[in-house]
Amino acid sequence: MLKIAIVGTGGISHAHIRAYLQFPDRCRIAALVDIVPGKAQRVKEQYHLDAEVFLDHLDILGGDYDLVDVCTPPFVHAQISINALRSGKNVVCEKPMAASLAECDAMLRARDESGKKLSIIAQNRFRKPIRDLKALLDSGIAGAVRHAQVDSLWFRGHSYYDLWWRGTWEKEGGGCTLNHAVHHIDMLGWMMGLPDRVTSVLANTGHDNAEVEDLSVSVMEYPAALATLTASVVHHGEEQQLVFQCEKAKIAAPYAVFASQPQPNGFPLQESDPAFERRAAELISALPPIPWEMHTGQLENVLTALEGGGDIAITGEDGRRTLEIITAIYKAGATRAPVTLPMRPDDPFYTVEGIRAGVPHFYEKAACVQEFEGEISFGGFGKGNEK
C-alpha cells in the first residue's frame with residue numbers, strides 16, 4: 001500500500017484526490033498540506049480521508065510517505081519537489097514543472113542524486129484522441145509533417161486573475177502560454193520534439209488586473225516544417241485542436257483525417273481518399289483500450305512504476321522540454337526577435353531572475369482574493385469541457 005502526501009489543496013488537487021481514490025487497494029492519501037489554515041482540513045473532511053493535516057511541506061519530509069504530490073502554485077514547485085526528493089521520496093508535480101530552466105535542471109539533479117522517480121503532470125496524453133493522433137503520426141501513414149496548427153484556446157473571465165497567486169510573473173510565472181497552453185505545448189513536443197527556432201508576439205487584451213499575457217501567437221521552425229501556436233484565455237467556446245498537415249493527409253485531434261486527391265492540373269478533388277481513411281481507422285481500431293484517462297491515467301502509471309511494474313510515462317525531461325519551448329516563446333515575445341533552441345545556461349532567460357527582468361508587465365495586479373468557489377475545467381478534444 002503506497003502512502004501519498006499531497007502538498008497544496010486548491011482546485012487542481014481535487015483531480016488528483018479523485019484519481020487516487022480510484023485505487024483504494026493500491027494507495028492511501030496519508031497527508032494533506034496547505035499553507036492556508038483550515039483549508040487542508042476541509043478537503044480531508046470533504047473526501048472522508050484518513051490523513052494527517054499540515055501547514056508546511058517541511059513537516060512531512062521526515063514522514064513515511066512513498067510519494068509527494070505537488071499541487072501548489074508554480075513558483076514553489078521546484079523547492080518542494082527538490083526537498084521531497086532529497087528526503088527520499090518520489091515526486092509527482094503539477095504543470096508547469098517549474099518557473100525556469102535552471103529550476104528544472106535542479107529538480108533533475110535532485111532526482112538523479114536521490115535515485116527516486118519524478119513525473120510531471122501532462123494528463124492530456126492519456127486522452128484517447130491524443131493517443132490516437134500520436135499513433136497515427138508515429139505510424140508514418142500520413143508521411144512527413146509539413147505544418148502543425150496548435151490552438152490552445154481557453155476562456156477565463158476577468159475575475160480569474162483576482163486569485164492571490166495568479167496574474168504575476170513572480171508567483172504564477174507567466175500567463176496563458178505557461179499555465180494553459182502548457183498542455184498543448186507538451187503534446188507538440190511529444191509529437192515533434194524541440195523546434196530549431198521560435199518567433200512570438202505576446203499581448204494582454206482583456207485582463208487589466210494581470211501583469212502577464214492573456215494571448216500569444218508563435219511560429220516554430222522545424223527541419224522542413226513549421227508549427228503555429230495560439231495560446232489564449234480570451235477565446236469563447238474554448239475550441240482546442242491539434243492539426244498536422246502531412247505529406248499525404250491531414251490528421252488531427254479532435255479526430256479528423258482528410259487525404260486530398262490531386263487532379264492532373266494540381267487542384268484537389270472535393271472528397272478525401274477513402275482508402276487512406278479506411279487505413280487510418282483500422283490502425284486506430286487496433287490500438288488497445290485506455291483503461292484510465294486524464295489525471296487518473298497518469299497517476300495510475302506512477303503507482304504502477306512505484307510498484308515495480310514499469311517506467312514513468314511522463315518524465316522530468318518531458319516537463320523540461322515543454323518549459324524550454326515556453327521560455328523561448330517568452331524570450332522571443334519580450335525581445336521581439338527569433339530565439340534559437342536549445343537555450344544555454346548562460347542565457348538570461350535561463351533563470352527566474354532573468355525571466356522576470358526581461359518580460360513585459362502589461363498591467364499591475366489589481367486584486368487579491370484568497371480563495372474561489374466553483375469547479376475548474378480541463379478543456380476538451382471533441383467531448384466538451386470536462387469538469
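## Cysteines

Cysteine 93 is buried, with a relative accessible area of 0%. This description rests on a predicted model. The sulfur of cysteine 93 has its closest cysteine sulfur in cysteine 71, at 8.4 Å, which is too far for a bond.

Cysteine 176 is likewise classed as buried, at 1% relative accessibility. The closest cysteine sulfur to that of cysteine 176 belongs to cysteine 104 and lies 19 Å away, again too far for a bond. A disulfide requires two cysteine sulfur atoms within 2.5 Å, and the structure holds zero disulfides.

## The largest cavity

Rolling a probe the size of a water molecule over the atoms shows where empty space is left. In this model, four cavities of 30 Å³ or more are counted. The largest cavity encloses about 100 Å³ of space.

Its lining consists of 14 residues, and those nearest the centre of the cavity are Lys95, Ile121, Val182, Asp186 and Thr322. Two elements give two or more residues to this lining, namely helix 7 (182–192) and helix 10 (316–335). Helix 10 provides the largest share, with four residues. Sorted by class, the lining of the largest cavity comprises nine nonpolar, three polar and two charged residues.

## The second largest cavity

The second largest cavity has a volume of about 50 Å³. Which residues line the second largest cavity? They are Ala98, Ala99, Gly173, Leu178, Leu323, Ile326, Thr327, Tyr330 and Ile355.

Helix 10 gives the most to the lining of this second cavity, with four residues; helix 10 also makes the largest contribution to the lining of the largest cavity. In the second largest cavity, seven of the lining residues are nonpolar and two are polar, while no charged residue takes part.

## The eight-stranded sheet

Strands of a sheet pair through backbone hydrogen bonds, either parallel or antiparallel. Here, eight strands form an open sheet with mixed pairing, and their order is 13-12-11-7-10-9-8-14. The edges are occupied by strand 13 (256–258) and strand 14 (339–340). Each of these edge strands has a single partner strand, so one side of each is left without a neighbour in the sheet.

Within the sheet, strand 7 (residues 145–153) and strand 11 (residues 241–246) run antiparallel and are joined by six bridges. One residue pair illustrates this contact: glutamine 149 has valine 243, in strand 11, as its bridge partner.

Definitions and conventions
Residues numbered from 1 in each chain as written. Predicted model: local features only at pLDDT ≥ 70, side-chain atom pairs only at ≥ 80, totals over all residues. Heavy atoms only, no water. Buried < 20%, exposed > 50% of the residue type's maximum accessible area, 1.4 Å probe, protein only. 1 Å grid on protein atoms, 1.4 Å probe; cavity = no way out; pocket = protein on both sides within 12 Å on 5 of 7 lines; lining within 4 Å. Points joined across faces, edges and corners; volume = space filled by probe spheres on them. Nonpolar A, V, L, I, M, F, W, Y, C, P; charged D, E, K, R; others polar. Pairing = 2+ DSSP bridges.
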